[in-house]
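Trainee: Could we go through this entry together? I would like to begin with a single residue and then look at the rest.

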Amino acid sequence: MTNPVPMPTGSAPAPAAVEPLAGGSAGHQPKATGSMRAWQWRGPGDHGLITTAIPAPAEDEVLVAVEASGLCGTDLRILAGDYSHARPAVVIGHEFAGTVVALGERARGFVVGDLVAADPNVYCLDCEWCRRQAYNLCASVNPIGVSRAGSMAEYVTVPARLAVKLPGAFDPALGALIEPLACVLHGMERGGVVGGRTIAVYGAGAIGLMAVVVAVDLGLEVTVVEPLAPRRNRAQALGAAAVERLAGGAQFDYVLDASGAAAAVADGLGRLRKRGTFIQMGVTPQSFELPWTPYQVYQNEWRLIGSNSVADCYQRAAALMPSISEPMRRLVTHTLSLAELDRAIELIADPAAVKVQVDPRR
Ligand SMILES: [Zn+2]
Ligand SMILES: [Zn+2]
């Protein structure tokens, strides 16, 4: 990549003056004005497009012109007012890629024009959980798109330590899939998933289908349990067997819930082989409880694993992406403009949609 834009000097808190790029990635031409469009959440059910100042990067941050920003279930929970960490008036969006257009004075490792993606979980590095590399459990995490401004906007600021430089020819749509892929990798790593075994994946939404891609890549025999036929068809096209419900007696080395559906979890817990591992990635209703049988856990040496967000595997997901780019790219079924975010929200419930992304350049 060329570096046609002079780096800003000084540390004035005023919005960064973003000069047009002579030749940014994918023909991107950031505006030279000091304002941008962004999608703001104000409170339960209250959200919409606003015009706001382009943020200035802090000294250790980069300013990114967003080229792809994915919508996910977490965003829907924030918009509905069902996510306790969300800060009212926040700009949503945490799955993104784009081009660096300005850097803080102490931001290292990047130049203007770099295509980047970033781990959105801005963790403190100082608490007990950060010291254990369990960054997703950070006691004072400040996630992009949840409690600090997110990527459903023309520009977003990111701490340089959390950004990853992507090859110049990288598709930004794939860059915005690194975050959910990292969530899937975290679940696989937590569960100790290895090839040559069997796995059942409950739910073939975006996370479930990414789990299929990763599991097939690892060499597992994958069975997807999914009530909706269009989603089953996608799972089959990715190399999984797909059923509406499992036959009695079907058992697996791993069961991964990516549905969050109480009935799915209840069914899946009974389908572990000896030494089997159950991985809970889906977000179930908080009030959902299950009877379980500690004797069976003891007798069969089962492991029950929770997997919540990314922890420390964002870089590994970025490194893995090029080798699985073809099946991953097929998961981006819709790309809309920022102004169409209400339509994007509707699409998430459509079984024909998998990953819905916004391109704020549109
Ligand atoms: Zn997400
Ligand atoms: Zn921390």
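Trainee: Is C124 buried, partly exposed or exposed?
Mentor: C124 counts as partly exposed, because its relative accessibility is 28%. Buried means under 20% relative accessible area, exposed means over 50%, and partly exposed lies in between, with a 1.4 Å probe and protein chains only. Please note that this is a predicted model, where local features need pLDDT of at least 70, side-chain atom pairs count only at pLDDT 80 or more, and totals for chains, interfaces and linings use all residues. Residues are numbered from 1 along each chain as its sequence is written, chains are lettered from A and ligands numbered from 1 in the order in which they are written, and side-chain values use heavy atoms, with hydrogens and water left out.

Trainee: Which residues coordinate the zinc ion (ligand 2)?
Mentor: C124, C127, C130 and C138 do so through their SG atoms, at 2.3 to 2.4 Å. Donors are N, O and S atoms within 2.8 Å of the metal (3.2 Å for Na, K and Ca); water is not among the atoms, so sites may look incomplete.

Trainee: What is the spacing of those donors along the chain?
Mentor: The donors of the zinc ion (ligand 2) follow C-x2-C-x2-C-x7-C. C124 and C138 are 14 residues apart. C138 counts as buried, because its relative accessibility is 6%.

Trainee: And the other one: what coordinates the zinc ion (ligand 1)?
Mentor: Its donors are C72 (SG), H94 (NE2) and E95 (OE), at 2.1 to 2.2 Å. C72 lies in the loop between β3 and α1, whereas E95 lies in strand β5. Helices (H or I, at least four residues) and strands (E, at least two) are DSSP runs, numbered from the N terminus.

Trainee: Are C72 and E95 buried or exposed?
Mentor: C72 counts as buried at 13% relative accessibility, and E95 counts as buried at 2%.

Trainee: Changing topic, what is the strand order in the open sheet?
Mentor: The six strands run β11-β10-β9-β12-β13-β14, with parallel pairing. Two strands pair if DSSP finds at least two bridges between them. β11 and β14 stand at the edges with a single partner strand each, so one side of each is left without a neighbour in the sheet.

Trainee: How many bridges join β13 to β14?
Mentor: Four bridges join them, and T277 has R303 in β14 as its bridge partner.

Trainee: Where is T223, and what does T223 touch?
Mentor: T223 is in strand β10 and is buried, with a relative accessible area of 13%. Not counting residues up to four places away in sequence, T223 touches several residues, including I199, V243 and F252. Contact means heavy atoms within 4.5 Å.
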